[in-house]
Amino acid sequence: MSQYVLAIIGAGEGALPIINAAKEMGVIVVAYGRNDSLAKDQVDVFVEENNFDIQFIADSCRELNVNGVMPSSELSTEVAARVAHTAGLLCNDIEHGFGGKNKYFMRTKVANLVSVKQPKFQLYKEGLNVAFPVVVKSVDACGKRGVSIAYNEEDLKQAVQQARENSSDGSALVEEYLKGGQEYSIECLSNCKGKHYVIQYTEKESSGPPHFVEIAHHQPANLSDETKARIDKAAWDILEVLGLNCGMAHLEIKIIDNEIYFIEVGARGGGDHISDILTPLSTGFDYYKAAIECHLGIYQPTTITNKAYTGIYFHSKQNERLRPLFEQAKTASWCIKNTVVKDEFDEASGNVGASKSGYIIYCSDHKISLKHCNNRFHAQLINQHPNAKTLIRQHCQDIDNVLTDEKFEAWYNKIINTGNLIAVIDRDRIIAFALLYCNHIETLDAYICNVYVLSQYRGIGLSVKLLEKAVEICREKGFKSMSLHVDKHNSTAIKVYEKFGFEICDNDIAGDSRIAMRLPVK
């Protein structure tokens, strides 16, 4: 393929996977960018161009016999299309719809489609009538910059100012807040010959309001064949109406009550290593090679299948509950990349911030999540633990149960002498705790209380480990059942207990907001 020459608009970090794929294909690479660009020394020809003068770059492409032009980031998508169009090369359709990264333009075009829904939207202007809450966005910024939620007029004022500061033309887009549902990105490819292909479905995890930072991605998303078919139809329609018919497209959607909602789309590969690492790992498909072939007009369709589960978790404050997973990643065989360098979790207000905090990437035969850290923890009876008192005192502080020294001593002496102290300990700290009393010899009914799992360790089954240890103790002592009380509004805890085998035995405790549950011990 040495006869082909590819031009890349921009030579920053986003250009690296394009350059690497092109070199493997034997394609000559020309890049246009700033003199301090990260990838300037990795291309065959580098042309300094700070302002992306379309006519200048197009003329240069002709002189260098360029066969295709690709963007390296969201910022260069429209420039790349206009350069290619001016130079007479394959490109996204700037004459019939392609609007680069303008979200308002996208909304107006997609509004006519029947295969996908979208939130109500309008450009902000003084005196705008708003039904709160609303999401306010920069019209053309990327990486969630300038995105926030407004619950009232004061919030709206601040959100609009932030959005305008991140917009190239100083405008802000106000959208209906789509509550609930699940976010996905759809990795697409168009071959410049009227054909669009869905390469992969990515499940996205967001921090939610106020800034909707993307904190994790997983492939393949858990979707039914029927839902995938509807997504494929919506993706085709969106790409068509927006003139995205050349190369990669990163489409973002949300599914609420089985309805597909359009969020936005970028005429480039997905960031956060979705395109350059996750998609090739999960499918075995060389996404960037295929995109280059599309821009050169030589792409040949191929069947794409899922070969692995892969994903990325960002080491941001919003993911602090995943600390056990990040700890396990240090030695786990499923972790193929780990850029985390410190224990502290930094707050991230945008996708770039989340990335800079470090991340881990996994590849396995199943989706890796917090529940897979379960095996490194075990519940134990700590009555005879040499540091039991210190551990319990620290635990009280961790759950904001602050007692005076006198009250703590009295309470501790009571539970250590009459109860069974069950705990899961991680790095000399109680992360899950329960207190079991086996005192009713007449009824042989044990009682468990004070069941608590620290918030950052929830979701990995530690409460079940506490209950399993409690049942083990009951058997050893000859007890036939175990009872507990739970707040009747705590549906999460009730479901855990019911799944474990507890049954509600008193649904209306007089003068109390709790219900009683009992488990037969066999």
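I counted two rings of Phe, Tyr or Trp (its six-membered ring) as a pair if their centres lie within 6.5 Å, with planes over 60 degrees apart taken as edge-to-face. By this rule I obtained 10 aromatic pairs. The model I consulted is a predicted one.

**Entry 1: Tyr104 and Phe121**

I looked up Tyr104 and Phe121, whose rings form an edge-to-face pair at 5.9 Å centre to centre, with 70° between the planes. I noted that this pair links distant parts of the chain, 17 residues apart. Tyr104 belongs to helix H4 (residues 103-110), and Phe121 belongs to strand S5 (residues 121-123). I then asked how accessible each partner is. Tyr104 has a relative accessible area of 30% and is partly exposed. Phe121, with 24%, is partly exposed.

**Entry 2: Tyr497 and Phe502**

I turned next to Tyr497 and Phe502, an aromatic pair that is edge-to-face, 5.6 Å centre to centre and 65° between the planes. Are these residues buried or exposed? The cut-off for buried is under 20% relative accessible area. Tyr497 therefore counts as buried, its relative accessibility being 9%. Phe502 counts as buried because its relative accessibility is 3%.

**Entry 3: other aromatic surroundings**

I recorded one aromatic cluster formed by Phe408, Trp411 and Tyr412. I also examined the ring of Tyr452 and found the charged end of Arg458 sitting over that ring, 5.3 Å from its centre.

**Entry 4: the open sheet**

I traced an open sheet of four strands, and wrote down their order as S3-S2-S1-S4, with parallel pairing. Which strands form the edges? They are strand S3 (45-48) and strand S4 (68-71), each of which pairs on one side only. From one strand to the next, I noted a twist that averages 20°.

I then followed one pairing in detail. Strand S1 (residues 5-9) runs parallel to strand S2 (residues 28-33), and five bridges join the two. Within this pairing, I located Ile9 opposite Tyr32 in S2.

**Entry 5: helices on the sheet**

I looked up which strands helix H2 (residues 54-63) crosses, and found that H2 lies across S1, S2, S3 and S4. The direction of H2 makes about 160° with S2. I also checked helix H3 (residues 77-86), which packs on the sheet and touches S1 and S4. The angle between the directions of H3 and S4 is about 170°.

Key: Residues numbered from 1 in each chain as written. Predicted model: local features only at pLDDT ≥ 70, side-chain atom pairs only at ≥ 80, totals over all residues. Heavy atoms only, no water. Phe/Tyr/Trp six-rings, centres within 6.5 Å; stacked < 30°, edge-to-face > 60°. Buried < 20%, exposed > 50% of the residue type's maximum accessible area, 1.4 Å probe, protein only. Lys NZ or Arg CZ within 6 Å of the ring centre and 35° of its normal. Pairing = 2+ DSSP bridges. Axes fitted to C-alpha atoms, helices over the stretch in contact; angles between N-to-C directions. Contact = heavy atoms within 4.5 Å.
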